[in-house]
Each structure stands twice: as structure tokens, then as C-alpha cells.
Amino acid sequence: MPKTSLTPAEVKAMLILACDRIIAAEPQLSEADRNLGDGDHGLGMQRGMTAAKEGLEAGDVESVEKAFVIVGTKMMSSMGGASGAIFGTFFRNGGKALAGKDSLDSAGLAAFFQAGVDGVKQRGGAAVGDKTVVDAMQPAAEKAAEVAGQPLPDAIAAINEAALGGLEASKAMVAKFGRAKTLGEACIGFPDAGAMSVTVIIGAFADYIAA
């Protein structure tokens, strides 16, 4: 039965599913990164989410905030590099926006996504159109704000669709950051690997909430 709000234990379970999905998606994420960069994004995300899963499973997670912050902290400390900083910031900033919440609902999702993408943009300087994670995160955050008053299953389904639309749009972009920047128009036609990771994570959220 679809869930109307999530307890801290359910948020933990949802995040563990997201970890498992990223770990399983390593080949696809690595392939996407090989088309544009040095091909290490998938392995980095796999390493970060393995550490995050271990952190979540280490004990009880007593708050919604802590569940997300654990993921961000573990990714930041285990991955290194740009992706570790970006996804670590996303989860940590998003989680801190939920301080004091004893459950996660649609309004909480909106707060999480907005604070998360704001932190990423502030840290890396990327904007929509630069062919980065922001191309999936920003549409997700904007849609989350739009649907903050809707039931949680409806909200996350719309957010998931928005993120996938952002990933698709990234194929037509010329990269402004990272190794892909050196490719110029040769990177057109390929999606950004980081944006792909974002859609894998949000897709796991959507599947967990709908189950």
C-alpha cells in the first residue's frame, strides 16, 4: 500500500534501497561517464553508496534528518573527488533541512530537494544547462515545491518524472564542467552520468514509496 508519510525507519529503508540501486547500476553509470569523462563515476558512486549502506545498517536511525546526513557524510568521506563532494553536500544539506521532523511527507521532500540542490549549486557553481547533476536535481526540486501539498506517492512520482526529463534534456547540452568540457559539441547526444545517478536515486525513492 502506498505510503502517506515515512517514519525514520522507513526513510532508512528507502535510502538503503537507493544504495542498492546505485551499486547495481555501476556498469551503466560507468559507461555513461566513459562517453564524457574518465569512466570512474560509477565505481565512485558504488563505493560511496556501499559505505552509506553500511552506515545506515550500523544501528537505529532515530530521525529523518540523521538518515540523510549519514548517507551524505559516508559518501563524502569514502568517495573523494567532485562526486563525493557533490552528492555528500546534496544529502547532508537536504537532511539538515529536515531537522526536527519526525516523519517525511511531501512538504519535507520539497525542503530536502531544495536545500540539497542549493548546496550543490553553491559548492560547484553549476546551473541548469551546464550538463551536470543540477540538470536532474533542479527540475526535481522545482517539481517538489509544486507538489508539496499532494499525497506523498503522487508527489514523488511527479518528482521522478521531472528528474528523468532533466536527464533526457542533458543529452542535448554542451558540458561546462569537468573533463567533458574539453569535448565541446562531441558530448552532445550523451546524458550526464551524475544526472543519471540522481535519477537512479529518485527512482528508488519512488518505488519504495509506491510499494
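Helices here are DSSP runs of at least four residues, numbered from the N terminus. By that count, the protein chain has nine helices and zero strands. Keep in mind that this is a predicted model. Here's a quick tour, going from the whole chain to a few helices and two residues worth a look.

**The whole chain**

- Read from the N terminus, the elements go α-α-α-α-α-α-α-α-α.
- The radius of gyration of the protein chain is 16 Å, and a compact globule of 211 residues would have one near 17 Å, so the two agree.
- Along the principal axes, the C-alpha atoms fit in a box of roughly 45 × 35 × 30 Å.
- Burial takes in 52% of the 211 residues.
- Take the contacts between residues at least 6 apart in sequence: 69% of them link residues at least 24 apart.

**Surface and charge**

- About 8700 Å² of the protein chain is exposed, with carbon and sulfur atoms supplying 53% of that area.
- Counting charged side chains gives 19 positive and 25 negative ones, and the centres of these two sets are 5 Å apart.

**Helix 5 and Gly84**

- Helix 5 covers residues 81-96. Its 16 residues reach 22 Å from first C-alpha to last, close to the 22 Å expected at 1.5 Å a residue.
- Its buried residues are Gly84, Ala85, Phe87, Gly88, Thr89, Phe90, Phe91, Gly94 and Gly95.
- Plenty of helices help cover those buried residues, including helix 1 (8-24), helix 3 (41-57) and helix 4 (64-79). Helix 6, helix 7 and helix 9 are also part of that cover.
- Gly84 has 0% relative accessibility, so it counts as buried.
- Leaving out residues up to four places away in sequence, Gly84 touches Met75, Met76, Met79 and Thr89.
- Gly84 and Ala107 sit 23 residues apart in sequence, and their C-alpha atoms are 27 Å apart in space.

**Lys131, in a loop**

- Lys131 belongs to the loop between helix 6 (106-124) and helix 7 (134-146).
- Buried means under 20% relative accessible area. Lys131 comes in at 3%, so this lysine counts as buried.
- Its phi is near 65 degrees, a positive value in a residue that isn't glycine. For background, most residues other than glycine have a negative phi.

**Helix 7**

- The 13 residues of helix 7 should span 18 Å at 1.5 Å a residue, and the end C-alpha atoms are indeed 18 Å apart, so the numbers agree.
- Buried in helix 7 are Val134, Asp135, Ala136, Met137, Gln138, Ala140, Ala141 and Ala144.
- These buried residues pack against helix 5, helix 6, helix 8 and helix 9.

**Helix 8**

- Helix 8 runs over residues 152-170, which makes 19 residues. From first C-alpha to last it reaches 27 Å, close to the 27 Å expected at 1.5 Å a residue.
- The buried residues of helix 8 are Leu152, Pro153, Ala155, Ile156, Ile159, Asn160, Ala162, Ala163, Gly166, Leu167 and Ser170.
- An α-helix has 3.6 residues a turn, so residues three or four places apart point the same way.
- Cover for the buried residues of helix 8 includes helix 6, helix 7 and helix 9 (193-210).

How values were computed: Residues are numbered from 1 along each chain as its sequence is written. This is a predicted model: local features need pLDDT of at least 70, side-chain atom pairs count only at pLDDT 80 or more; totals for chains, interfaces and linings use all residues. Side-chain values use heavy atoms; hydrogens and water are left out. The radius of gyration is taken over C-alpha atoms; the globule rule is 2.2 Å times the number of residues to the power 0.38. Buried means under 20% relative accessible area, exposed over 50%, partly exposed in between (1.4 Å probe, protein chains only). Contact means heavy atoms within 4.5 Å. Accessible areas come from the Shrake-Rupley method with a 1.4 Å probe; for residues, only the protein chains shown count as cover. Lys and Arg count as positive and Asp and Glu as negative; His and the chain ends are not counted. The place of a charge is taken as NZ of Lys, CZ of Arg, CG of Asp or CD of Glu. The expected span of a helix is 1.5 Å times one less than its number of residues.
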